[in-house]
Amino acid sequence: MANIDQIRNIVLLGHGGAGKTSLAEAMLHKTGTTNRLGNVDDKTSVCDYYDEEKEHQHSILSALVHTNHAGTLINIIDTPGYPDFVGPAITSIPAADTAIIVISAAAGIETNTRKMFELATKADMPKVIVINKMESENTIFPELIKNIQETFGPQCRCANLPGSDKASIIDCIDNQTGDSPVMDVGQAHTELIESVIEADDELMEKYLASEEISKEKISSVFVEALKAGTIIPIVFTNARKEIGVQELLDIIIKYTPSPSQAKSRQLKDGDKETKLQINPSGPLAGLVFRVGFDPRSNMKYSSIRIFSGTLKSDTNLMRNDEKKGIRPGHILKSQGAENNEIDAGPAGDIVTLAKIEELKVGDLIHDGKVSGKFEMPTVPEPMFSLALEPASRGDEQKISTALDRLCEEDPCFKISRDMQTRELVASGLGDLHLRVTLEKMQNRFKLSVNTKEPKIPYRETITSKAEGHYRHKKQTGGAGQFGEVYLRVEPAERNSDPSLEYNWDIFGGAIPGQYEPAVLKGINDVMQAGFVAGFPMQDVKVSIYDGKYHPVDSKEVAFRAAGKGAFLDSLQKAKPVLLEPIVDMEVTVPSENVGDITGDLASRRGRISGQDILPGNFITIKALVPLSEVSQYNSQLKSVTGGRGSYSMTLSHYELVPPNIQQQIVAQYAKKKVED
């Protein structure tokens with residue numbers, strides 16, 4: 001087992017195409033862990049081992065690899081960078097102690113670069129910025145550094161620089177001379193040292209007094225400065241040619257925190273918070289941060305960061321607050337698709353367990369001596385949806401099982417059965433996200449589905465008061481059926497809960513109380529089936545005030561029919577209308593696209609409610625928009641912003657559908673009824 005002080009846990013974060021996977025491959029090769037440099041383009045990457053990743057040539061799920069450099073174990077979590085696949089990246093953040101933010105020199109700061117930096121900052125993680133692809137010919141490096149400092153703060157300082165030939169690296173921690181196309185080496189050294197010593201008042205006083213500070217002293221305070229956030233070192237690499245990779249590895253083992261130096265993790269149990277001590281002999285506590293399935297055998301693998309104690313094969317393992325014990329079996333160390341057995345998983349390390357179906361992302365695993373849960377970062381709500389239908393009859397159950405497995409891997413892929421529209425709906429972060437996820441289902445499970453746009457979940461309501469009456473009388477020989485109901489309806493407050501406000505105002509026994517549930521069932525039949533266009537009703541008040549019964553012929557079935565008939569009669573007079581779902585949207589775009597986006601949202605019947613200015617020349621536009629106008633907004637936003645925009649939406653409330661749109665919906669409903 002590795003000594004805690006000789007472990008580093010890093011997560012590679014950034015936008016797609018920045019070279020995170022190439023950097024991980026270069027680190028593995030440079031340290032001799034692999035005997036050849038894995039390449040995304042020629043499908044030899046250790047990290048991108050799923051068929052879909054090879055086909056699309058970018059990461060789709062997080063990958064876990066490890067290497068050894070100068071006697072230190074480095075666990076590397078390589079994460080997806082494209083916005084459609086951010087879920088696994090976000091849930092990987094709590095497993096690491098340092099975030100490596102990778103930026104492409106050619107592309108600069110992109111949408112996901114900002115998002116991941118913000119999430120790492122929110123998690124109070126030390127950060128290192130890697131400018132990869134430093135060989136780029138068209139990059140104006142001083143401008144890129146300025147943009148980084150304006151977006152992420154002046155504490156972003158160059159820890160090294162590319163040489164003038166872009167084939168060598170100049171160390172700015174120990175060096176003050178050299179020739180670089182980025183900036184003056186002496187200036188870089190001074191700025192770096194000043195940012196580091198900000199974390200130590202004694203050193204700052206010595207520095208201001210012009211006293212010489214030793215390299216050893218600078219090194220000893222560097223980790224504290226990184227944790228305090230007074231320094232975010234910028235380093236340069238060309239991962240494909242393995243330039244700057246050795247220097248990055250050195251910085252990781254010298255200056256980033258070990259698990260014992262990193263921020264302590266806490267378990268929350270109601271109002272109680274328990275700080276975990278990084279102690280291999282302490283109570284066991286670990287976080288499941290990644291779930292994956294072998295692409296060939298579909299065997300489940302769960303990756304766990306151990307924060308306290310030691311996980312052994314004979315540990316009586318428990319999950320969350322469940323009392324039932326689990327036998328972990330073999331303790332594994334993941335190297336991409338390969339999983340090799342090890343003796344145990346000590347505090348500070350990252351390990352993998354196989355074949356434990358109960359484990360889910362976000363779970364606390366323990367030995368019964370701790371309780372609570374880890375606080376996980378919030379993932380975006382999947383709002384891009386497609387309705388799914390089996391391509392082959394009889395595959396419904398198989399498809400359901402396969403989709404459940406895919407949901408376990410990706411926290412931003414959700415499946416729901418819309419009870420209103422009776423559709424099986426898959427939701428994700430965009431068209432690419434859903435398309436690739438359904439490719440996974442086809443490749444792994446040999447199951448295909450047909451897709452279509454899901455129906456918009458409209459609702460119905462009334463806009464005026466009215467009365468209704470219905471007498472149900474049926475005589476078919478023998479015992480008959482009889483029930484008569486009088487009722488009043490009126491609109492309730494919009495978006496009220498419950499959707500039906502019901503009063504039984506019968507006096508003098510006009511209808512015996514035993515038939516009240518039957519009358520309510522009849523009314524609810526209509527509330528669910530709708531009156532205008534087949535959508536459920538809401539915001540309705542109903543009062544049953546009179547009726548008649550027959551001592552022999554009155555039955556529940558008769559009063560259910562009478563309640564339904566009286567309610568339908570009242571609805572004809574109560575001016576029924578359609579309601580549409582309105583969503584709260586937040587659209588984040590480069591400032592130059594704000595006019596185009598606000599104009600586009602207005603054309604979609606949107607109401608702009610505000611704007612927030614973000615670092616890096618981005619603006620978040622807040623708006624209320626009908627869901628029907630933006631259910632497939634992803635492609636439009638990509639088109640306008642060149643892929644740099646992002647959005648989120650949540651259901652806000654329901655509003656009246658404009659009359660012209662209601663006419664179209666009602667006409668479609670009438671046509672479908674005739675066809676059916």
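The exercises below, each with a worked solution, concern the internal cavities and one buried residue of a predicted model.

**Exercise 1.** Determine how many cavities of 30 Å³ or more the model has, and describe the space and the lining of the largest cavity.

*Solution.* The count comes to two cavities of 30 Å³ or more, and the largest cavity holds about 90 Å³ of space. Its lining includes Tyr49, Tyr50, Arg290, Gly292, Phe293 and Asp294, and Pro295, Tyr301, Ser334, Gly336, Ala337 and Asn339 also belong to this lining. Sorting the lining residues of the largest cavity by class gives six nonpolar, four polar and two charged residues. Turning to secondary structure, strand β12, which spans residues 285-293, gives the most to this lining, with three residues.

**Exercise 2.** Describe the second largest cavity by its space, its lining and the elements that supply at least two lining residues each.

*Solution.* About 70 Å³ of space lies in the second largest cavity, and among the residues that line this cavity are Leu61, Ser62, Pro88, Phe289, Arg290, Val361 and Glu409. At least two lining residues come from each of α3 (86-92) and β12. By class, the lining of the second largest cavity has six nonpolar, three polar and two charged residues.

**Exercise 3.** Locate Glu191, decide whether Glu191 is buried or exposed, and list its contacts beyond four places in sequence.

*Solution.* Glu191 sits in helix α6, which covers residues 185-197. Its relative accessibility is 18%, and because buried means under 20%, Glu191 counts as buried. Once neighbours within four places in sequence are set aside, Glu191 is in contact with Arg157 and Met183.

Note on methods:
Residues are numbered from 1 along each chain as its sequence is written. This is a predicted model: local features need pLDDT of at least 70, side-chain atom pairs count only at pLDDT 80 or more; totals for chains, interfaces and linings use all residues. Side-chain values use heavy atoms; hydrogens and water are left out. On a 1 Å grid over the protein atoms alone, a cavity is a set of points where a 1.4 Å probe fits but cannot get out, and a pocket is an open set with protein on both sides within 12 Å along at least five of seven lines; lining residues have an atom within 4 Å of a point. Grid points are joined across faces, edges and corners, and a volume is the space filled by probe spheres set on the points. Ala, Val, Leu, Ile, Met, Phe, Trp, Tyr, Cys and Pro count as nonpolar, Asp, Glu, Lys and Arg as charged, and the others, Gly among them, as polar. Buried means under 20% relative accessible area, exposed over 50%, partly exposed in between (1.4 Å probe, protein chains only). Contact means heavy atoms within 4.5 Å.
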